[in-house]
Amino acid sequence: MKIFDKDDIIQAFKSRASTRSYDKDRKISDDEFNAILQFGQLSPSSVGSEPWRFLVLQNKELRQKLKPVAWGMTNTLDTASHIVVILAKKNARFDTPFFDAVIARRGLTDDKKQQALAVYEKFQKDDIAILENERTLFDWASKQTYIALANMMTGAILLGVDSCPIEGFDYKAVNDILANEGLFDPNEWGVSVAVTFGYRDKDIRLKSRKSLDEIVRFVE
């Protein structure tokens, strides 16, 4: 079922740009920001794992603590309406309680649960080979968070809300600060990426992209 006009959607994609200067006096409504969070919540993930959590950092003191180690959002820590740090699950193995919960959400019978676990085991061990060490597992989980990140930013611009993905920070320092605040267990979760939301306070240079001919190859 067609819901939106494709030209309107393409225009929204064209207007979205990484925003590094926000109007500090404009705030996203609770209703619209809840929708942005749902865009992340409803995102797809590998084998339905949903290995993410969203920390919405509205505390001014905490934002100031991050300033010395978060150079990618030094200016916007003061002006962004909302800042989200997306966490990725550590040690998201097929044989952990985390994956038991993944299967439980699917409402499978006991027989089907065992079949699903066998599929996930083969997938993680052989097909994608991510059980070598903790880092490869974390990287796999982090890749899933970027799907949620993209959907949140795309959904935001459709609501007229600007955003900017942020990787420009000292990951160890940011992990330490947020974990020391008691916001997550660092044995179970780690910072994957951050994103700021708000309303641009000045024009942004039009984006430049490669042509479709440069990046697409049809195989027929």
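A residue counts as buried when its relative accessible area is under 20%, as exposed when that area is over 50%, and as partly exposed in between. Keep that scale in mind, because it places K67, at 23% relative accessibility, among the partly exposed residues. The model you are looking at is a predicted one, and K67 will come back once we have walked through the fold.

Let's start with the whole chain. Of its 220 residues, 40% count as buried. The C-alpha trace spans about 55 × 50 × 35 Å along its principal axes, and the accessible surface comes to about 13,400 Å², with 51% of that belonging to carbon and sulfur atoms. If you like to think in contact maps, take the contacts between residues at least 6 apart in sequence: 79% of these join residues at least 24 apart.

Now for the secondary structure. The chain has eight helices and four strands, and reading along the sequence gives you the pattern α-α-β-α-β-α-α-α-β-α-β-α. The four strands come together in an open sheet, in the order β1-β2-β4-β3, with antiparallel pairing. At the edges sit β1 (52-56) and β3 (162-166), each of which pairs on one side only. From one strand to the next, the twist averages 25°. As background, strands of a sheet pair through backbone hydrogen bonds, either parallel or antiparallel.

For a closer look at one pairing, follow β1 to its partner β2, which covers residues 82-89: the two run in the antiparallel sense and are joined over five bridges. A handy landmark here is W52, which stands opposite A88 in β2.

Two helices to look at next both pack on this sheet. Helix α6, residues 134-158, touches β1, β2, β3 and β4 (189-198), and its direction makes about 10° with that of β4. Helix α7, residues 171-180, touches β1, β2 and β4, but its direction makes about 90° with that of β4.

With the backbone in place, we can turn to charged side chains. Side chains of opposite charge can pair when their charged atoms come close. The count for this model comes to 13 salt bridges, and three of them make a pleasant tour.

One joins the side chains of D7 and K6, with 3.1 Å from N to O. Here D7 is partly exposed, with a relative accessible area of 46%, while K6 is exposed at 54%.

Another brings together E181 and K65, whose N to O distance is 2.6 Å. This pair links distant parts of the chain: E181 lies in the loop between α7 and β4, K65 belongs to helix α3 (residues 60-66), and the two are 116 residues apart. Both ends fall in the middle of the accessibility scale, since E181 counts as partly exposed at 38% and K65 counts as partly exposed at 46%.

That brings us back to K67, which forms a salt bridge with D78; the closest N and O atoms are 2.5 Å apart. K67 and D78 are eleven residues apart, and each is found in the loop between α3 and β2. How accessible is D78, the partner in this pair? At 41% relative accessibility, D78 counts as partly exposed, and K67, at 23%, is partly exposed as well. The cut-off for buried is under 20%, so K67 does not count as buried.

Definitions and conventions. Residues numbered from 1 in each chain as written. Predicted model: local features only at pLDDT ≥ 70, side-chain atom pairs only at ≥ 80, totals over all residues. Heavy atoms only, no water. Pairing = 2+ DSSP bridges. Axes fitted to C-alpha atoms, helices over the stretch in contact; angles between N-to-C directions. Contact = heavy atoms within 4.5 Å. Salt bridge = Lys/Arg side-chain N within 4 Å of Asp/Glu carboxyl O. Buried < 20%, exposed > 50% of the residue type's maximum accessible area, 1.4 Å probe, protein only. Areas by Shrake-Rupley, 256 points an atom, 1.4 Å probe, with all protein chains shown as cover.
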